[in-house]
Amino acid sequence: MICLVIVQPAVTLTSIHLLNYQDSYGNISLKDSGDIRLPDPLIVNGNLNLENSRIGILPLSLTVKGNLNLAYSDIEHLPLALNVKGYINLAYSNIKELNFGLRVLGDLSVAHTQLTKLPDNLYVKGNLFLQNSKILTLPNKLVVDGNIYIGNIPLTTIPNDIIIGGSLYR
């Protein structure tokens, strides 16, 4: 018996197509969407919500002037040319690694992910949420202006060169 699997190619959306998913504030929501390709470069004037989407690849150049919600998504990597003015929510996503020197101007959540490490030189202006992830150690030269929430993770090492503006909560 031969079993054939038919894979549907990702549908490519143009900037014109995205207008159907954009509100008057510049927010784009593709929540619960299938596997589609976003235009490259992509500039979003508000928030970009890809929660629970089957989108696997983000544009190589992505600017989000608000928040980026990738919770429960299939995203495994962030683009190198990523500029987000608000928070980045990666909770329950398939993210595999974060970019060296990533700068997050709001909160960063990697709670409930399979991440085992964070990149060196990570900067988070808001809070850092690590609960129920697989993080074993905090990275070198980590700067978090807010709090770090580490509940229920096997954290074994905290480097001497990290800077926390708030508190560390277990």
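**Strand pairing, core and the setting of N99**

Strand 6 (residues 61-64) and strand 8 pair in the parallel sense, with four bridges between them. Within this pairing, V64 has V84 of strand 8 as its bridge partner. Strand 8 spans residues 81-84, and its two faces differ in cover: L82 and V84 lie on the covered face, whereas A81 and N83 lie on the uncovered one. The model described here is predicted.

A further set of strands forms an open sheet of four, in the order 10-12-14-16, with parallel pairing. Its edges are strand 10 (103-104) and strand 16 (163-164), each of which pairs on one side only. Strand 10 runs parallel to strand 12 (residues 123-124), and two bridges join them. Across this pairing, V104 stands opposite V124 of strand 12. In total, the protein has 17 strands and one helix.

The largest nonpolar core contains 43 residues, of which L98, L108 and L130 touch the most other members. At least two residues of this core come from each of strand 4 (42-44), strand 6 and strand 8. In soluble globular proteins, nonpolar side chains tend to be buried together. For L98, the contacts beyond its neighbours within four places in sequence are L78, L90, L108, V110, L115, L118 and P119.

The polar residue that follows in the sequence, N99, is located in the loop between strand 9 (88-89) and strand 10. N99 counts as buried because its relative accessibility is 15%, under the 20% cut-off. A polar atom of the N99 side chain lies 2.9 Å from the backbone oxygen of P79. When residues up to four places away in sequence are not counted, N99 touches L78, P79, L80 and P119. L78 and P119 also appear among the contacts of L98.

Overall dimensions were computed for the protein as a whole. The C-alpha atoms fill a box of roughly 50 × 50 × 20 Å along the principal axes. The radius of gyration is 17 Å, which agrees with the value near 15 Å for a compact globule of 170 residues. Of the 170 residues, 44% are buried. The accessible surface comes to about 9,300 Å², and carbon and sulfur atoms account for 53% of that area. Among contacts between residues at least 6 apart in sequence, 4% join residues at least 24 apart.

How values were computed: Residues are numbered from 1 along each chain as its sequence is written. This is a predicted model: local features need pLDDT of at least 70, side-chain atom pairs count only at pLDDT 80 or more; totals for chains, interfaces and linings use all residues. Side-chain values use heavy atoms; hydrogens and water are left out. Buried means under 20% relative accessible area, exposed over 50%, partly exposed in between (1.4 Å probe, protein chains only). Two strands pair if DSSP finds at least two bridges between them. A nonpolar core is a set of buried Ala, Val, Leu, Ile, Met, Phe, Trp, Tyr and Cys residues joined through side-chain atoms within 4.5 Å. Contact means heavy atoms within 4.5 Å. A polar contact is a pair of N or O atoms within 3.5 Å; within protein, one must be able to donate a hydrogen and the other to accept it, and residues adjacent in sequence count only if both atoms are side-chain atoms. The radius of gyration is taken over C-alpha atoms; the globule rule is 2.2 Å times the number of residues to the power 0.38. Accessible areas come from the Shrake-Rupley method with a 1.4 Å probe; for residues, only the protein chains shown count as cover.
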